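Hello,

Here is the structure I promised to hand over. Please open it alongside this message; my notes follow below.

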Amino acid sequence: MTSFSFRLGLRPRFLLATLVPVLVVLGGMIYAVSSFLDVLEHDMTHGQLARELDRVDALYRRDPQLLDLLGPNLRTYVTPKGQTDGLPESVKSLGDGQSHEVWLPGAAYEYQATRRDIGDHSLYVLLDLTPEERLEKELIGVAWIAGLGALFLAVLVALWLSQVVMRPVRRLAARAAAIVPGEQRPDLRPATGDRSLDIIVEAFDGVLDRFDAFVAREQAFTEDASHELRTPLATAISSLDLIAEDRHLSDKSQLRLARARAATTRMHELIESLLLFAREQTDETSNTPVSPVMREAIAMQAHLFSAAPAPDIAFEADAEVHVAAPSSMLLSVINNLLRNAIEHGGGARIDVRLTPDALHIRDHGRGIAPAALSRLFDRRFKGEHSRGQGLGLYLVKRISERFGWQVNVASTPGQGTEFVLRFDHEARA
């Protein structure tokens, strides 16, 4: 079961913390305005209704016919006490001295109604609340417009404040992203200008210091160890070359000599790769042609397999390609790919083709299982039939990434495997 967690970023949190109180205040303000208007309307209408009732009462006592002269905002009904014939349904329930709002058929707004008993008759007075209701709606509309305007202004202010708050964080991120390993680090404190963020800067600087010290120790050890190994390795290679000139060696000795040559060659490539990674900065202004390096690698493999039948390697170049990388690094990559094809090709022909943008190396061996393809370039990963230490293709991947190349592999079990070393336009000389 997959758990889902929703997390807001720093800026949305700031906006939310700013706008929620604003929304609460605006909501409370609109509610208060609406409640105030209701109370005000109640007091005004009841006061006006009481005055109108007294006026109507006086007119009725003087002459009932005078009720016909009242204004259009008043409706009056006079009925014998206890009878409700001719009254609107919403008014019939009114008792003497009572007052409440009622709806009349066809009316757009409410009426405030009241009743007063005069002798054996009941006098009903209904006050039209249309002006008051319209005024209340207009005032509430004004309150909503003012509230929405205040909310919009609050959003703009919150966005501006979030920009101000995030500005030193973005400056710090930009300054940190510009840090180049191996070069002098810039001072990160001026990027923030905020004492609160200095805590993060100091912690980040401390982590980087520890990383730099660790990387420096590793690079120094790798470079020293590689340089120290070069001398005895050169001695071993020259000694093997001298022994190889002895024509009286038995077949068994020649086979052992070939194995020793292969081991020293692999060690030489490994040392060169380690030196590359230890130096971090390399001479990328080189202009290395691929075809001569490919032919050199084929010759080296034939030399290594001189005591045993070597597979036929067919090389075809559609065009010459130059890459901005040292020839030793290109040779190391090609040797590892070629050696992998020889070891897993089952002695079948190996086809090598150089196109304007890539180098294709294809064997016709047993192929690679689909489950192993995704881990083929992992460090120390060894296939079912591998005889190496799981470093060859790992170094191919690392060197290719270092120079901007891409390594792709496609394999069909029982039909063979093809590696494609693709040279990007920016990585080509």
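In which sense do β10 and β11 pair, and over how many bridges? They pair in the antiparallel sense, and the bridges number eight. Keep in mind throughout that this is a predicted model.

**The β10–β11 hairpin**

Strand β10 covers residues 405-412 and strand β11 covers residues 416-423. Three residues lie between the two strands in their hairpin. Look at Gly-414 there: its phi is positive, near 90 degrees. For one register point, take Gln-406, whose bridge partner in β11 is Arg-422.

**Aromatic residues**

The count of aromatic pairs comes to three. One of them is worth a close look. Trp-405 and Phe-423 have ring centres 5.5 Å apart and planes at 90 degrees, so this pair is edge-to-face. The pair links distant parts of the chain, with Trp-405 in β10 and Phe-423 in β11, 18 residues apart.

Are these two residues buried or exposed? Trp-405 has a relative accessible area of 5%, so it counts as buried, the cut-off being under 20%. Phe-423 is buried too, with a relative accessible area of 2%.

Phe-403 joins Trp-405 and Phe-423 in one aromatic cluster. Phe-403 also has a charged residue at its face: Arg-402 lies over it, at 5.9 Å from the ring centre. A second contact of this kind involves Lys-397. Its charged end sits over the ring of Phe-377, 5.6 Å from the centre.

**Strand β8 and its partners**

Next, β8, residues 350-354. Which side chains of this strand are buried? Ile-350, Val-352 and Leu-354 are, and they point to one face. Asp-351 and Arg-353 point to the other face and are not buried. The side chains thus alternate along the strand.

β8 pairs with two strands named here, β6 and β9. With β6, residues 313-317, the pairing is parallel and spans five bridges. With β9, residues 358-362, β8 runs antiparallel, and four bridges join them. A hairpin of three residues connects β8 to β9.

Arg-353 is a handy marker for both pairings. It is the bridge partner of Glu-316, and it stands opposite His-360 in β9.

**Helix α9**

Gly-392 belongs to helix α9, residues 392-403. How accessible is Gly-392? Its relative accessibility is 24%, so it counts as partly exposed, a class that lies between 20% and 50%. Gly-392 and Phe-381 are 11 residues apart in sequence. In space their C-alpha atoms are 9.7 Å apart.

**The cavity**

How many cavities of 30 Å³ or more does the model hold? The count is one. The largest cavity has a volume of about 30 Å³.

Which residues line it? They are Asn-340, His-344, Asp-363, Gly-367, Ile-368 and Thr-417. By class, the lining has four polar residues, one nonpolar and one charged. The charged one is Asp-363 and the nonpolar one is Ile-368.

**Where to start**

I would open on Trp-405 and Phe-423, the edge-to-face pair. Then go to Arg-353 in β8, with Glu-316 and His-360 as its partners across the strands. Finish at the cavity lined by Asn-340 and His-344, among others.

Best wishes

Conventions:
Residues numbered from 1 in each chain as written. Predicted model: local features only at pLDDT ≥ 70, side-chain atom pairs only at ≥ 80, totals over all residues. Heavy atoms only, no water. 1 Å grid on protein atoms, 1.4 Å probe; cavity = no way out; pocket = protein on both sides within 12 Å on 5 of 7 lines; lining within 4 Å. Points joined across faces, edges and corners; volume = space filled by probe spheres on them. Buried < 20%, exposed > 50% of the residue type's maximum accessible area, 1.4 Å probe, protein only. Pairing = 2+ DSSP bridges. Phe/Tyr/Trp six-rings, centres within 6.5 Å; stacked < 30°, edge-to-face > 60°. Lys NZ or Arg CZ within 6 Å of the ring centre and 35° of its normal.
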